[in-house]
Amino acid sequence: MEITEQRQGEVVVLGPVGRINNDTSGEFQTRLLGCLVYHGAAVLVDLSQVEYISSAGLRALMMASKQSKATNSRLAIAGLNPLVREIFTISRFSYVVTVYETPAEALAALR
């Protein structure tokens with residue numbers, strides 16, 4: 001799995017590509033938690049290039065949500081494709097993290 005990282009002002013945008021599952025969730029979680037700890041302010045996870053997320057991927061996002069609360073940083077998710085949106089709906093994960101339709105909406109809210 002590839003994960004792009006770029007800064008948009010004070011917001012770090014992570015863009016995983018492919019599938020976030022048991023094989024890739026460890027790398028994803030490490031990068032995500034690292035951004036929250038080292039960069040601090042705000043992290044946007046753009047899932048528009050993610051075709052599937054498993055419970056292991058959701059667990060990584062849960063850990064990041066807890067970390068963001070502990071460090072007073074902000075975490076947002078955006079760009080869910082229909083399958084990933086369904087997984088978020090079934091798991092009620094949108095109650096855990098803030099989910100935006102587009103990365104642009106999330107960036108505007110995080111700034």
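User: Before we look at S54, what counts as a polar contact?

Analyst: A polar contact is a pair of N or O atoms within 3.5 Å, and within protein one must be able to donate a hydrogen and the other to accept it. In this predicted model, the S54 side chain reaches the backbone nitrogen of A56 at 3.2 Å.

User: Where does S54 lie, and is S54 buried or exposed?

Analyst: S54 sits in the loop between β4 (50–53) and α2 (55–70). Its relative accessible area is 10%, so S54 is buried. Setting aside neighbours within four places in sequence, S54 is in contact with I20, N21 and N22.

User: Happy with that. How do I read a pair of aromatic rings?

Analyst: Two values describe such a pair: the distance of the centres and the angle of the planes. This structure holds 1 aromatic pair. F88 and F93 form it, with 5.4 Å centre to centre and 85° between the planes. Planes over 60 degrees apart count as edge-to-face, and that is the class of the F88 and F93 pair. Both F88 and F93 are buried.

User: And the backbone: what sign does phi have in most residues other than glycine?

Analyst: Most of them have a negative phi. Here, N72 has a positive phi of about 55° although it is not a glycine. N72 is placed in the loop between α2 and β5 (74–78). With a relative accessible area of 72%, N72 is exposed.

User: What is phi of R92 near, and where is R92 placed?

Analyst: Phi of R92 is near 60°, a positive value in a residue other than glycine. R92 belongs to the loop between α3 (82–91) and β6 (98–100). R92 is exposed too, its relative accessible area being 51%.

Key. Residues are numbered from 1 along each chain as its sequence is written. This is a predicted model: local features need pLDDT of at least 70, side-chain atom pairs count only at pLDDT 80 or more; totals for chains, interfaces and linings use all residues. Side-chain values use heavy atoms; hydrogens and water are left out. Rings of Phe, Tyr and Trp (its six-membered ring) pair if their centres lie within 6.5 Å; planes under 30 degrees apart count as stacked, over 60 as edge-to-face and the rest as tilted. Buried means under 20% relative accessible area, exposed over 50%, partly exposed in between (1.4 Å probe, protein chains only). Helices (H or I, at least four residues) and strands (E, at least two) are DSSP runs, numbered from the N terminus. Contact means heavy atoms within 4.5 Å.
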